[in-house]
Amino acid sequence: MTASRDRFGRPIVVVTGMGIVTSLGAGKTDNWARLTAGESGIRTITRFPIDGLKTTMAGTVDFVDVEPRSSTGLSERLAEMATEEALEQAGIGRKGDFPGPLFLAVAPVEVEWPQRLELGRAATGQQLDYDDLLRVSGGGQYAPYHRRFTFGSVATYLAETFGTKGSPISLSTACASGATSIQLGVEAIRRGETDAALCVATDGSVNPEALVRFSLLSALSTQNDPPRAASKPFSKNRDGFVMAEGAGALVLESYDAAVARGAPILGVLAGCGELTDSFHRTRSSPDGKPIIGCVRKTLADAGMTPEQIDHINAHGTATPENDKMEYLAISNVFGEHAKQIPVSSNKSMVGHTISAAGAVEAIFSLLTLEHQRIPPTINYDMPDPTILFDVVGNKARDARVTAVMSNSFGFGGQNASLILTREPI
Amino acid sequence: MTETKSSNSGSAEVWITGIGLATSLGEGLDANWDALTERRINVDEKGFAPYIVHPWAPVNLDTQIPKKGDQRQMEAWQRIGTYAAGLALDSAGVKGNKEILGRMDMIVAAGGGERDLAVDAGVLNAAAAGNSAPGFLNERLMSDLRPTLFLAQLSNLLAGNIAIVHGVSGTSRTFMGEEVAGVDAARIALARIAAGQSDIALIGGSHNGQRKDLLVLYEFGDYNLKDKFEPVWARQKQSGFALGSAGAFLVIESRAHAEARGAKPYARLTNVVADLSQRRQSGDVKTTLEKLWSELGNLEDGGAILTGATGAEPATSEEQAFLTEHPDFAVRATGTMFGHTMETQFPLGLALAALSISRGALFPPTDSSGVEIEMPKPPAQIVVIGAGHWRGEGMALVEAIK
């Protein structure tokens, strides 16, 4: 393939560097080995007490620590690790001088409990309230907490550390955030604004309040024992997702720019699509139309037909609702072909890395293309008889894979899909 | 066709065809314009004393958010934004137009939602009383937090609520990162339309300044204006910002799309640029503003500048030094009249620029320091500036349509 533009006349967007951290480990090599071996990164939480919680396990990244401890601080460190790996592979620019913009998917930021309790200890009053906290917040002793808990803090740090150009964008589209960060990079390169973009997605937010919030929405699995068996996408007895941490970083470049500097081409971002569901804050429209529309838009953006997709890296959260709706939508678009496409959910092993998931799973999709091997969906012992996907259950499967669709669906009606290919279409 | 077109398909002209404002000065374009021309400012110096905030002017929420159930699912910041977004859609003449709303792109600049202050205080008091049993925090949160509060706090659920209430359901993206998130929302939406990747977009944000949890965050950096209200340019003795409350949304679309549906424009959104100054040395912000100014396009002398200057230092002094190099531009600091609405300040500036151009006048100064001068002629070009209190700089050029 020598054409540098796609059939719509747009610059072809390729991936030249990838970096990843999940509960399975740091780096592509470890992650891929464990993922294809069917290992689980879900474990009982040890970072904080679990007394009183309904869900006591998560895919925490326990081998990385930050001081002082905060979810935003951990998100930042995970993003930095993933970015370092991606940049080393891409060999682009110079150290601290990346020749393009940063698009960062990051969880919403707020002051966290350790810091709030610290303020409470510093405050005086019979019955503490926010006025008491306000009286001790100023004067500069907590200035680092302003830096830490502003929404732009992680992007600012990454932009300064890696020397990305222009205004770094921090974004959230809930569980679709990682896919959106990639989409923004693809669009910028297609517009000809830049030859390269750094797309990073990170989430380090397993903390008590985050867990309680999802728990109160009945979104989490409560099958705590054993933790590795909790996440059961497409199974009849699935009961919710498992919170997890991780980060993914991708260096995107125009095909021309990558070829010109002799960069490794790891895959192609052939298409992206998104379509909003306006039905409900947490539930999909029962007819599945927004997801169907999202998948169709993505195929149209890539200029591909359903028959050209030979693997789906599913959103597959293992909530009763998601997996049912994902099957409904995919079978509507793909028809009979839906039963023949191997489908798998990485979340069975790494859990749901929320803001990072779209990028983490795009990277696993690219590794699938590279190795021609589809990672399994573990804990697939009791298939849901109403979901007629060809689920790659429990054991990895060698297969000829030329094009992967990766789906992300989130609270707030966020639907986004990507199509990744080994070669330009 | 949904697929994006070639980047070399030309650069489409982009018009502002809808404006929605619900601020501390009132609801709608007339109420805000009247307040600006009468130099009215709505500040509360007592309710959050010693901190000063600009309270949201009450509205009849039912007119834009008809279902009480929807109103209950939101916290104030989301209600403000969903309300203002509805006004923008009305203003553009697309409210209820399912064909257009179903393919309308949306980029929202958002922070996060209100915490439940009573729940937080309950935990702190239990901790102060010596309750340090393992899991005590878990148990309090499990029993005290309202299950749906999370959805009222999530950044992307402002966009989610706009989709649910108004049916804006093409695409939905939420940018975070304080002031510059509002710049980038406009920048990316404009770039997509100009390149033919999109035809029409809703952009904007909302902010509720009547929040003690936000005051705590900004108090960490000593950014809150205290004790006595002063205009932005008169805060040398005591720097800082008074948090403001506003929803500001705009509908922007390609000229061709607007003309095809017979939409009347307020103004043209010609350019939006942004950068991240590292702010390591004195003068860095000024240097970045100069660079952005040079990238804006062809600026004629005697124009106007609407700035979201925060009052925080050193950024505001550096911006003022930049402004003194353009002495024939009539400057207005929106922070004086509206307070600092963080992610919303830049969309608010865009809205006021388009409104001023459409009304053929710049509103009068609200400042006695000499920075703001009268503008006797109708503005043809207005530069909107947004330099964040801590990080992030942006500018836009809004022009009368020729």
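Which residues of strand 9 of chain B lie on one side, which lie on the other, and are they buried or exposed? In this predicted model, B:Ala330 and B:Arg332 form one side of the strand, which spans residues 330-333, while B:Val331 and B:Ala333 form the other. All four are buried, and both faces of the strand are thus covered. Strand 9 of chain B has a parallel partner in strand 8 (residues 304-307) of chain B, to which it is joined by four bridges. Within this pairing, B:Ala330 has B:Ala304 opposite.

Strand 9 belongs to a chain for which two domains are assigned: domain 1 (14-115 + 148-260) and domain 2 (267-399) of chain B. Their centres, taken over C-alpha atoms, are 19 Å apart. Where the two meet, domain 1 of chain B contributes 56 residues and domain 2 of chain B contributes 47 residues. On the domain 1 side, the elements giving two or more residues are strand 1 (14-23), helix 1 (28-37), helix 9 (179-194), strand 5 (200-207) and strand 6 (246-254) of chain B. Helix 9 of chain B supplies the largest share of that side, with nine residues. Sorted by class, the domain 1 side holds 33 nonpolar, 17 polar and six charged residues.

Turning to chain A, the fold comprises 13 helices and 16 strands. Its C-alpha atoms occupy a box of roughly 70 × 50 × 40 Å along the principal axes. The radius of gyration of chain A is 21 Å, which agrees with the value near 22 Å that a compact globule of 425 residues would have. Of these 425 residues, 64% count as buried. Among the contacts in chain A between residues at least 6 apart in sequence, 79% link residues at least 24 apart.

The two chains also meet each other, through 70 residues from chain A and 71 residues from chain B. Several elements of chain A give two or more residues to this contact, including helix 3 (113-122), strand 6 (169-172), helix 8 (208-216) and helix 10 (289-302). Helix 8 of chain A gives the most, namely five residues. The chain A side as a whole is made up of 30 nonpolar, 24 polar and 16 charged residues.

Strand pairing runs across this contact as well. Strand 6 of chain A is antiparallel to strand 4 (residues 171-176) of chain B, and three bridges connect them. One bridge partner is B:Thr174 in strand 4 of chain B, which is matched with A:Ser172.

A helix of chain B adds to the picture. B:Leu137, B:Asn138, B:Arg140 and B:Leu141 are buried residues of helix 6 (residues 136-144) of chain B. These residues lie on the same side of helix 6 of chain B, because they cover an arc of only 170° around the axis. The buried residues of this helix pack against helix 3 and helix 8 of chain A, together with helix 5 (117-128) of chain B.

Finally, A:Thr276 sits in the loop between strand 9 (267-274) and helix 10 of chain A. A:Thr276 counts as buried because 31 C-beta neighbours lie inside 10 Å, where 20 or more are required. Leaving aside residues up to four places away in sequence, A:Thr276 touches A:Pro290, A:Gly413 and A:Asn415, and also B:Ala163, B:Ser169, B:Gly170, B:Thr171 and B:Ser172 of the other chain. The C-alpha atom of A:Thr276 is 8.3 Å from that of A:Gly412, although 136 residues separate the two along the chain.

Key: Residues are numbered from 1 along each chain as its sequence is written. Chains are lettered from A and ligands numbered from 1 in the order in which they are written. This is a predicted model: local features need pLDDT of at least 70, side-chain atom pairs count only at pLDDT 80 or more; totals for chains, interfaces and linings use all residues. Two residues are in contact if their C-beta atoms, placed from the backbone, lie within 7 Å. Ala, Val, Leu, Ile, Met, Phe, Trp, Tyr, Cys and Pro count as nonpolar, Asp, Glu, Lys and Arg as charged, and the others, Gly among them, as polar. Two strands pair if DSSP finds at least two bridges between them. A residue is buried if 20 or more other C-beta atoms lie within 10 Å of its own, exposed if 12 or fewer, and partly exposed in between; C-beta atoms are placed from the backbone. The arc is that of the directions from the helix axis to the C-beta atoms. Domain bounds come from an automatic or database domain assignment. The radius of gyration is taken over C-alpha atoms; the globule rule is 2.2 Å times the number of residues to the power 0.38.
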